[in-house]
Structures are given as structure tokens and as C-alpha cells.
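Got the model open in your viewer? Here is a route through it, one selection at a time.

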Amino acid sequence: MTAAAALSAEQLPVIQRLRQAVEGALEGKQDAVELALVALLARGHLLIEDVPGVGKTTLARALARAVGGDLRRVQFTSDLLPSDVLGVSVYDQRTGEFVLRQGPVFTNVLLADEINRASPRTQSALLEAMNEGQVSLDGQTIPLPDPFFVIATQNPQDFAGTFPLPESQLDRFILRVRIGYPPPQVEMRLLLDGQTDTARDVPVVLDPAKLVALQRDVHRVTIESSLGSYLHALVQSTRSSPSLSLGSSPRGAIALGNAARARALLRGRNYCIADDIHDLAVSVLAHRVRLASHAEGFTPTRDEAETAVREIVARVPVPL
């Protein structure tokens, strides 16, 4: 057994407990939980686009509790300022100096609720934090806690008074997912029990330091050359497709590779297979592309973008 294989085998029970803990809070949504864990282990950030009341906050709280991290929630509104997220320097009369009061971004898991309701100025305050894991304030560069994970939500139906995220902001999210309504039997039990706060019962499976170690293990997962060529062909196809005016960036290609590695680790492997790349391509790439039909004042729906990427993925041969 190789060292990488032994490492995956050692971490497998922890990964299984982590998955079971989060799935216990969001029953019947194994796919959404797996995608959220993929984003977390790949050191990315997660964009959840779904209607209110399907468990977006529950998923964020369950993830934060399972990994023993701190969770901060910010309700994004049109009057929210960057200082409300990052922090602000306040004059201390006792010392005669300005003291930095850190904002909610200084946490392990940041839930940016309805992120598209904030102004572009406030949205952009998260760019450095999401990409560099640090914040620049008053001439200082301050590192954020490690791990640092952003879960942002937005409602795909109600766009009144919103500011759509630009491509540069969307490119910071490794995955865009939806949760959807619960299965009928789960929803019926929720109705009978009347319990909505299922995240509070999630056990602490590991601590932030162990999560960082798992994230490092992800980068030890191998992608053989034929799969690398397949991944590159997928990304290249988004750039040459007539249905798209903007294809995936190099960051998107790297994100797909990292997400595939994280999925392989979640499933107990120290190597990727074609399915890891194929199955994640739409979730990783669809929010990074721009449809050719995208015109001023008209934003194509999520389904249209995903359909275009899904058709591209279907045309690219999968290595055997």
C-alpha cells in the first residue's frame, strides 16, 4: 500500500462520520451534502441558489458544528457597508489610538445570506477574503482564521432590488448547488415533529486543525494524465462553444480538478476517476460561463446555463 493510500484509509472513518453528521441535519439530501463537503475539503467556497426555507442555513450551521468551527451569519441588504462585513477602526479614548474591531468575516464559516441584495461595493469586500484568505484594512493585511469557508445564498426567483453577482465574484465560488425540497417522507416527519433546528444536534466530528489536515490530504489525491487531458478538453470546449460567449477561466479548470480530488477523498480513494470530473463539471463550471444569448438587461436562468454546459460535457469523450 502506498503512503497516499494509507493516509486515505486512515482518514476514511473521520470522513464517513463527517458526512453522516451533516446528513443527519439535512435528511434526504445526500447529493447536496456531498457537494457542500467537496467545496469545504477543496478549500473553496459554496454558492447555494435556492428558494427560502429549504435548509440553506441548516446546512451551514451543520457544517460549522461538525468541524468544530465558528459560524457567523451576515444578512446582506442594500444598505450593508463593507465595514459591516470586514470591520472598522474605532478611536479608543483611553489609549488615544484607533483599535480595529474585526467584522464577522473573521470566522471559520461565514454565511452570506442573500448575497445579491448587497451593493457591488459590499459584495467586492469579500473578493480578497475568498481568494487570499486575508483582509486589507487601514493599511494592514490581516490573515483570516484557517479554515475559512464562505457559504453564500441567493434566491433564484426574486430579483427585485438585487445586484447580480459579476463574473469575477462568481468565479470565487468553487461550486454552485441547489438543495431542493425534501423527500415527502422527510417533509411529513418534519411537519409532525415541528422541529426546524436540526443542526443543533449535529455532533462535533473533528476540530479546525484536523479539517485543515484533511484539506491538505485532498491535494495528495492523484489525477492521471489522461484525466488531466479530459478535464482540459472540457474547459477548452466551454471556450469554443457557439452557445457561450465566455468560457471557463483557468481558475475554473483548477477548481474542477480540486473538486474532483475532494470527491475522490470523500469516497475513500486516493486517485480520481473520470466520474469525479464528469459528475462535477456542471456544478463547477455552469456559473462561470456566459451564454451567447446574454444581453443587456436579460440574465439567462440557471437552468439555461446548466443545460448549455451539460450539452458540452456530453459531447466531450470520456477516457476509458
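Start out at strand S4, residues 97-102, which is hardly covered: of its six residues, the count of buried ones is zero. Keep in mind as you go that this is a predicted model.

Now add strand S3, residues 87-92, to the selection. S3 and S4 pair in the antiparallel sense, with six bridges between them. To check the register, pick glycine 87 and look across to glutamine 102 in S4, which stands opposite. Four residues lie between the strands of this hairpin, and among the residues to click there is glycine 96, with a positive phi near 70 degrees.

Stay on the hairpin and show side chains. How many aromatic pairs does a search of the whole structure find? The search turns up one. The pair is tyrosine 91 with phenylalanine 98, edge-to-face, at 5.4 Å centre to centre and with 65 degrees between the planes. Phenylalanine 98 counts as exposed because its relative accessible area is 60%, over the 50% cut-off. Tyrosine 91, at 44%, is partly exposed.

For another ring, jump to tyrosine 271. Arginine 269 lies over the face of that ring, 5.8 Å from its centre.

Next, head for the interior and select strand S1, residues 46-49. Is S1 covered or bare on its two faces? Both faces are covered: Leu46 and Ile48 are buried on one side, Leu47 and Glu49 on the other. Bring in S8, residues 149-154, and you'll see a strand that runs parallel to S1, joined to it by four bridges. Within S8, isoleucine 151 is the bridge partner of leucine 46. Then add S9, residues 175-177, also parallel to S1 and joined to it by three bridges. Here leucine 47 has arginine 176 as its bridge partner.

Keep isoleucine 151 highlighted and expand to its contacts. Leaving out neighbours within four places in sequence, the contacts are Leu46, Ile48, Ala60, Leu63, Val109, Leu110, Leu111 and Ala112. Zoom out a little for the largest nonpolar core, which has 75 residues. Leu46, Leu59, Leu63, Ile151 and Leu175 are the ones with the most contacts inside that core. There is also a second, separate core of 26 residues, including Val85, Leu110, Ala125 and Leu137.

Your next selection is helix H2, residues 30-41. H2 is mostly covered, with 10 of its 12 residues buried. Among the buried ones are Ala32, Val33, Glu34 and Leu35. Try a ruler on the ends: at 1.5 Å a residue H2 should span 16 Å, and its end C-alpha atoms are 16 Å apart, so the two agree. Just after H2, stop at arginine 43, which takes a positive phi of about 60 degrees.

Now go to arginine 302, in helix H13, residues 302-315. Is arginine 302 buried or exposed? Arginine 302 is buried, because its relative accessible area of 12% is under the 20% cut-off. Beyond residues up to four places away in sequence, arginine 302 touches Glu49, Arg176, Val177 and Arg178. You have already met Glu49 in S1 and Arg176 in S9.

Finish with glutamine 16, in helix H1, residues 3-25. Glutamine 16 is partly exposed, with a relative accessible area of 41%. Draw a distance from its C-alpha to that of arginine 261: the two are 245 residues apart along the chain, yet their C-alpha atoms are separated by 16 Å.

Note on methods. Residues are numbered from 1 along each chain as its sequence is written. This is a predicted model: local features need pLDDT of at least 70, side-chain atom pairs count only at pLDDT 80 or more; totals for chains, interfaces and linings use all residues. Side-chain values use heavy atoms; hydrogens and water are left out. A nonpolar core is a set of buried Ala, Val, Leu, Ile, Met, Phe, Trp, Tyr and Cys residues joined through side-chain atoms within 4.5 Å. Buried means under 20% relative accessible area, exposed over 50%, partly exposed in between (1.4 Å probe, protein chains only). Contact means heavy atoms within 4.5 Å. Two strands pair if DSSP finds at least two bridges between them. The expected span of a helix is 1.5 Å times one less than its number of residues. Rings of Phe, Tyr and Trp (its six-membered ring) pair if their centres lie within 6.5 Å; planes under 30 degrees apart count as stacked, over 60 as edge-to-face and the rest as tilted. A charge sits over a ring if NZ of Lys or CZ of Arg is within 6 Å of the ring centre and within 35 degrees of the ring normal.
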